[in-house]
Structures are given as structure tokens and as C-alpha cells.
Amino acid sequence: MGRPAKVEPMIVCIDCLGPAYLLSSIGPEDIVEVGNIISYRCRDCNDRWDIVADGGDESI
Ligand SMILES: [Zn+2]
């Protein structure tokens, strides 16, 4: 079992700075662990971003 990760519902697109939203809906009951890949799709340029989930702190 990994540590639970902090999942942002929206990130800022690195290319166009538009809003990129979660591709798969992750509800409060879904467990995302640190190191899992979460995918976002930019609303403006339609680029896909695969982000490695982190736990919100750097101490491992
Ligand atoms: Zn974009």
C-alpha cells in the first residue's frame, strides 16, 4: 500500500496556461496513491497531461 495522494481537480496547462481538468473523475472514495498517473485534458488546446500524483510533501 502506498501513501494516499493529493489530487487536484484542475491544473494549469503548461503550454497555453488554460484550465486542464481531470480526464477520469476521481471521487472522494477513490484512492489515488503517490506515484499513480493522473491524466488531465486541457480545455483550450486539448493537450493531455499525465501527472504523477504526489502526497503534497517531499519527505519520503
Ligand atoms: Zn492548453
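Strands β2 and β3 pair in the antiparallel sense over three bridges. Here a strand is a DSSP run of E with at least two residues, numbered from the N terminus, and two strands count as paired if DSSP finds at least two bridges between them. The model is a predicted one, in which local features need pLDDT of at least 70 and side-chain atom pairs count only at pLDDT 80 or more, while totals for chains, interfaces and linings use all residues. Residues are numbered from 1 along each chain as its sequence is written.

Two of the residue pairs between β2 and β3 can be named. L22 stands opposite Y40 in β3, and A20 has C42 as its bridge partner in β3.

On the other side of β2 comes β1. The sheet has four strands in the order β1-β2-β3-β4, it is open, and the pairing is antiparallel. β1 (10-12) and β4 (48-52) stand at the edges with a single partner strand each, so one side of each is left without a neighbour in the sheet. On average, neighbouring strands of this sheet are turned by 35° against each other, direction ignored; the strand axes behind this angle are lines fitted to C-alpha atoms, and angles between N-to-C directions run from 0 to 180 degrees. In general, strands of a sheet pair through backbone hydrogen bonds, either parallel or antiparallel.

At one edge, β1 is joined to β2 (residues 19-22) by three bridges, and the two run antiparallel. M10 has its bridge partner in β2, namely Y21. These two strands form a hairpin with six residues between them, and L17 in the turn has a positive phi of about 65°.

At the other edge, five bridges join β3 (residues 37-42) to β4, again antiparallel. I38 is matched there with its bridge partner I51 in β4. β3 and β4 also form a hairpin, with five residues between them, and N46 in this turn has a positive phi of about 65°.

Now the protein as a whole. Its secondary structure comes to zero helices (a helix would be a DSSP run of H or I of at least four residues) and four strands. Read along the sequence, the pattern is β-β-β-β. The C-alpha atoms fill a box of roughly 35 × 25 × 15 Å, taken along the principal axes.

Of the 60 residues in the protein, 7% are buried, meaning that 20 or more other C-beta atoms, placed from the backbone, lie within 10 Å of the residue's own. Among contacts between residues at least 6 apart in sequence, 50% join residues at least 24 apart; a contact requires C-beta atoms, placed from the backbone, within 7 Å.

How values were computed
Buried ≥ 20, exposed ≤ 12 C-beta atoms within 10 Å, placed from the backbone. Contact = placed C-beta atoms within 7 Å.
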